[in-house]
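Morning, everyone. I'll keep this brisk. Please have the sequence and the structure up on your screens.

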Amino acid sequence: MPDRTRLVGNAAYGWLLLLPAAVLLAAFTHYPAVATLAQSLFTSGTALRPAEFTGLDNYRFMLEDEVFWRVLENNAWYAIGTIPISIALAMLMAVWVNRRLPLRAFVRMSYFTPTVLPMIAVANIWLFFYTPEIGLIDQIAAGFGIGSHNWLGNPDTVLGCIIVLTIWKEAGFFMIFYLAALQSLPPELEEAARLEGAGHWHFFRRVTFPLLMPTTLFVLINAVINSFKLVDQLFILTKGGPDNASALLLYYIYEVAFSFFDQAYASTLTVVLLAVLAIIAIGQFVILDKRIHYR
Amino acid sequence: MKSGGPQALVQGIENAAALLLAVLWLAPLLYAFWAAFHPPEYAIRFDLLAPLTLENFGEAWEQAPFARYFLNTFMLVTSILAAQFVLCTLAAYAFARFEFPGRNVAFALVLMQLMIMPEVLIVENYRTMSHLGLVDTILGIGLPYMASAFGIFLLRQTFKTVPKELDDAARVEGCSHLQVLWKVYVPLARPTYIAYGLVSISYHWNNFLWPLVITNSVTTRPLTVGLAIFGAPESGVDWSVISAATLLAVAPLLIAFLLFQRQFVQSFMYAGIK
């Protein structure tokens, strides 16, 4: 009997410890996720007219909304443009920084620095690079006799500009994970390979790269999430323009909710974003399940 | 090594490439330094003899209430960190050392936040904040981040490595659960607290979207939001001054990073592996 009360007491204590965090998580993660779903089925209420249930009307509207499709397409290109290059660069950086290298501490610091700086601040600097005529890129181009170009004002180049900045910002962050993985590999591996006469890159391709696979998966998932979450730079560089050529999903949600004040439609768009994140989460479980032997 | 020539050549080229990339990676920051410390007419003229000046900083400081923004960011970052330490420690202790019904479900629900971060839910969280009367308050910016799934997860992993015998011994000596937590677990988890603390500080120092949404006055705006307004093309401020303001905003974090580089890199690594 006393044992039982002790167990019950323990359980209650456990819940009590969890309670403060649980309340906040429920209020700002679980409740809003569910409320978003509910909100997407109503019209936006105003002070005079309360919100009305409209079923799937918002979704119908969304499917006919050209901007929505544009934004989704942009987001896909943004992901395709940033993820493979920043992962490849991150791997290369980690391999370089992990071996003997002149000025290694300086090199590692340079690669990592963009990570600690706010996106808003670095976007300010990059904005100047991209500015036509007086901007740094155009100045350098002029030196080679190439005419000026409105990098951010042209729908064909604007997303590319955003992608370059994002790669620069992210690669050093991902490098850290590769560096951690590389340092946990047994050094005997490389020694053995060297005795066998295998070159650096041969060794990398055949041994290191496969062993880094779990890290690559982890980084990949983070990179995919980031491609839907990282929109700060748009506020400085383009505001989604010109003509929505650089608008991304989360940025569009922000615009709809806080510039056009259409809460219901913003909720509908958020549901799409949540669905994307859910798919990523499920994908992660499936992949990790299959690759469990790596852990 | 023995084959000498080509191997050494490849090595040399790679080293050069690594260095070149490093310089390229640092270039935007170096440029910001150049522009900020020289008069505006040298913003795009790289002349080694250009006179140095601090005027841009003075101007930036005068044109926007950066002192207030600094204070706001400082209060924001410290209050979030303090709350995260307390809430995450308690929750992590519950998950690591207590048996209670629904524990696994609760843990899965906590981990959901790793995917659905507060910035994704800006629309609904804004509504909640306006119901709570917390729009345009520092607490309103911080609240959604205080119960951090990442922090709970990291600390739980660490607490689980603490030998159960230590816990039992302290209990036998008459310590309460909270005393055990405070005297045994927290001191042993120090590296985790440092790592998590650095990651949290850099995250919230740099965070932008949610603070932008929830603040609308000088008394609450953090540096990032203030800087975005300051740098907007409509404001008509010139490059050198924007560069100076940008450097001001990043200075504390950048200096801390340069001083404690090893610690930063290791913290991010440590937090990433777990």
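Start with the order of elements in chain A. From the N terminus it is helix after helix: α-α-α-α-α-α-α-α-α-α-α-α-α. That is 13 helices and zero strands. Keep in mind that this is a predicted model.

Now the overall shape. The C-alpha trace of chain A spans about 80 × 75 × 30 Å along its principal axes. The radius of gyration of chain A is 25 Å. For a compact globule of 295 residues, you would expect a value near 19 Å.

What about the interior? In chain A, 52% of the 295 residues are buried. Then take the contacts in chain A between residues at least 6 apart in sequence. Of those, 67% join residues at least 24 apart.

On to the surface. Chain A exposes about 14200 Å², and 67% of that comes from carbon and sulfur atoms. Charges next. Chain A carries 18 positive and 20 negative charges. The mean positions of the two sets lie 14 Å apart.

Let's zoom in on helix 6 of chain A, residues 136-143. Which of its residues are buried? They are A:Leu136, A:Asp138 and A:Ala141. Note the aspartate in that list: A:Asp138 is a buried residue of this helix. Just after helix 6 comes A:Gly145, with a positive phi of about 80°.

Now two residues with positive phi that are not glycines. One is A:Lys239, at about 55°. Where is A:Lys239 found? Look in the loop between helix 11, residues 232-237, and helix 12, residues 249-258, of chain A. Is A:Lys239 buried or exposed? Neither: A:Lys239 counts as partly exposed, because its relative accessibility is 44%.

The other is A:Phe261. Its phi is also positive, about 55°, and it is not a glycine. A:Phe261 sits in the loop between helix 12 and helix 13 of chain A, the latter covering residues 263-290. A:Phe261 has a relative accessible area of 60%, so this phenylalanine counts as exposed.

Last topic: cysteines. How many disulfides are there over all chains? The count is zero, with a disulfide taken as two cysteine sulfur atoms within 2.5 Å. Two cysteines to look at on your screens. A:Cys161 has a relative accessible area of 4%, so A:Cys161 is buried. B:Cys88 is at 0% relative accessibility, so B:Cys88 is buried as well.

That's my round. Over to you for questions.

How values were computed:
Residues are numbered from 1 along each chain as its sequence is written. Chains are lettered from A and ligands numbered from 1 in the order in which they are written. This is a predicted model: local features need pLDDT of at least 70, side-chain atom pairs count only at pLDDT 80 or more; totals for chains, interfaces and linings use all residues. Side-chain values use heavy atoms; hydrogens and water are left out. Buried means under 20% relative accessible area, exposed over 50%, partly exposed in between (1.4 Å probe, protein chains only). Helices (H or I, at least four residues) and strands (E, at least two) are DSSP runs, numbered from the N terminus. The radius of gyration is taken over C-alpha atoms; the globule rule is 2.2 Å times the number of residues to the power 0.38. Contact means heavy atoms within 4.5 Å. Accessible areas come from the Shrake-Rupley method with a 1.4 Å probe; for residues, only the protein chains shown count as cover. Lys and Arg count as positive and Asp and Glu as negative; His and the chain ends are not counted. The place of a charge is taken as NZ of Lys, CZ of Arg, CG of Asp or CD of Glu.
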